[in-house]
Each structure stands twice: as structure tokens, then as C-alpha cells.
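The following exercises are to be worked with the sequence and the coordinates at hand. Each task is followed by a solution in steps.

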Amino acid sequence: LPQHLTLSAIPDRVTAMQTAFPRSPGKRLRLGVHISASEPSRQWPISAFAQLINAIAVEHPDVAFLVFYGHGQTASRQALADALQTPVTFVPPGDIDDLMASLPLCDLLVCNDGGVLHLAAGLGVPIVGLFEGNPMKTGCWYPWGVAYTSVSAPEGAAVAEIEPSAVYEATSRMIRSLSPTL
């Protein structure tokens, strides 16, 4: 298997995304959270994403949040917004070039296993990846070439079975590990 994937975004699109989503004053790190998955077995519950964001905001007040969601998922976006106790910036879905230009705005990305995870890895974004309980997934389809932590469901279980506390701990460790470089 390859050990590294390198992708690049269209420079004009990157500039447009940087303008549309500037860094928040006083926030040292931007945590991206991608809440969508193409397969139900790979979808972590919206309530779990809300718990994660709320807990990270309390423990790491210098973190800003960029939340990504897919086409046709405005109900999920609204459910998350209703459950949050901290401000976030929602990045609306666009085309693949918009996605590739906006992912590098994140210093770290939490996401379900899927295409976005691999695009982010190819763009050099560190990742906390949420995986089904299938050892082949984390053994072969991990994020290549970037700092990452995998959080897996119990063997044979869907991503929805991952405890929010496990994702919180993994994300907090990654935030602390990135601190010296930011």
C-alpha cells in the first residue's frame, strides 16, 4: 500500500475560502468536523458530534470550529446547531474543488471514514478518523502520510457505537500534540 498521498487545491479557490472563512481572533487552532458519511455504517450520530464539540470548547477554549456537511444534509446541520453550546462556523457544501480548498483551513479534522478523510490526508491535514469495527479498515485504509488517530467501533459494529468520550480523548491528545507547531 502507498504510504503517502499528495493532493493540491486550486490556488484561487484556496484564497477565496481563506477570505470567506478567516481565522477567529484569539483562537489558536481550527478544528474541522465533517459530520457526513455516505454509508449508514460509517455515520457517527449528530448528538455525538455535538457532545464532542461542546466538550472540546470547554476544555480547549482557544479552538475554533469549522463544521462541514454534505449536500442534502441541512436537517443534520440544523440538528447539530440546535445541540451546540458554543459558536461554530458551518462550511456549506460546494463542489469538490471548494471542499479541497476549504479542508486545509483546518489544523485538525475529525471525520467519519470516507472520501473526505482521504482528501484531507492528501492535503496534509492531521486527522482523527472514526472507523467501523473492522480491522481491515484501520489496517489498510487509514489516512496515509499525515499525523492521525483512529478511533474504531467494537469489532463488527458500526461507527455509531463509538463512545463520544473515546473521540474526545483522541481529539484532545491530537490538539495537545499540535500545540507546539501552531
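## Exercises on cysteines, strands and pockets

**Exercise 1. Explain why the sulfur of Cys-111 forms no bond with the closest cysteine sulfur.**

*Solution.* The model is a predicted one.

Step 1. Identify the partner to be tested: the cysteine sulfur closest to that of Cys-111 belongs to Cys-106, and the two are 9.6 Å apart.

Step 2. Compare this with the cut-off: a disulfide requires two cysteine sulfur atoms within 2.5 Å. The separation of 9.6 Å is therefore too far for a bond.

Step 3. State the total: the structure holds 0 disulfides. Cys-106 accordingly takes part in none, and its nearest cysteine sulfur is that of Cys-111.

Step 4. Classify the surroundings, with buried meaning under 20% relative accessible area. Cys-106 has 5% relative accessibility and so counts as buried. Cys-111, at 0%, also counts as buried.

**Exercise 2. Determine how strand S2 is joined to strand S1 and to strand S3.**

*Solution.*

Step 1. Begin with S1, residues 29-34: 6 bridges join this strand to S2, and the two run parallel. One pairing to locate is that of Arg-30, whose bridge partner in S2 is Ala-64.

Step 2. Trace the connection. S1, helix H2 (residues 46-59) and S2 form a β-α-β unit that is right-handed.

Step 3. Turn to S3, residues 89-91: 3 bridges link S2 with this strand, again in parallel. Here Val-67 stands opposite Phe-90 of S3. The path from S2 to S3 passes through helix H3 (residues 74-83), and this β-α-β crossover is right-handed.

**Exercise 3. Assign the side chains of S2 to their two directions and state whether they are buried or exposed.**

*Solution.*

Step 1. Recall the general pattern: side chains of a regular strand alternate between the two faces of the sheet.

Step 2. Sort the residues. Val-63, Phe-65 and Val-67 point one way from S2, while Ala-64, Leu-66 and Phe-68 point the other way.

Step 3. Check accessibility: 6 of the 6 residues of S2 are buried, and the strand is mostly covered.

**Exercise 4. Describe the volume and the lining of the largest pocket and of the second largest pocket.**

*Solution.*

Step 1. Take the volumes. The largest pocket holds about 260 Å³ of space, and the second largest holds about 200 Å³.

Step 2. Examine the lining of the largest pocket. It consists of 17 residues, with Tyr-69, Pro-92, Pro-93, Gly-94 and Leu-99 nearest the centre. Helix H4 (residues 96-102) contributes the most, namely 4 residues. By class, this lining has 10 nonpolar, 5 polar and 2 charged residues.

Step 3. Repeat for the second largest pocket. Its lining also numbers 17 residues, and Ser-24, Lys-27, Ala-64, Phe-65 and Pro-87 lie nearest its centre. Strand S2 (residues 63-68) gives the most, with 4 residues. The classes are 11 nonpolar, 4 polar and 2 charged.

**Exercise 5. Where is Pro-92 found, and why does this residue count as partly exposed?**

*Solution.*

Step 1. Locate the residue: Pro-92 belongs to the loop between S3 and H4.

Step 2. Apply the cut-offs: partly exposed covers the range between under 20% (buried) and over 50% (exposed). Pro-92 has 48% relative accessibility and therefore counts as partly exposed.

Step 3. Add a spatial reference. Pro-92 and Arg-13 are 79 residues apart along the chain, and their C-alpha atoms are separated by 14 Å.

How values were computed
Residues numbered from 1 in each chain as written. Predicted model: local features only at pLDDT ≥ 70, side-chain atom pairs only at ≥ 80, totals over all residues. Heavy atoms only, no water. Buried < 20%, exposed > 50% of the residue type's maximum accessible area, 1.4 Å probe, protein only. 1 Å grid on protein atoms, 1.4 Å probe; cavity = no way out; pocket = protein on both sides within 12 Å on 5 of 7 lines; lining within 4 Å. Points joined across faces, edges and corners; volume = space filled by probe spheres on them. Nonpolar A, V, L, I, M, F, W, Y, C, P; charged D, E, K, R; others polar. Pairing = 2+ DSSP bridges. Right-handed = clockwise from strand over helix to strand, strands pointing away.
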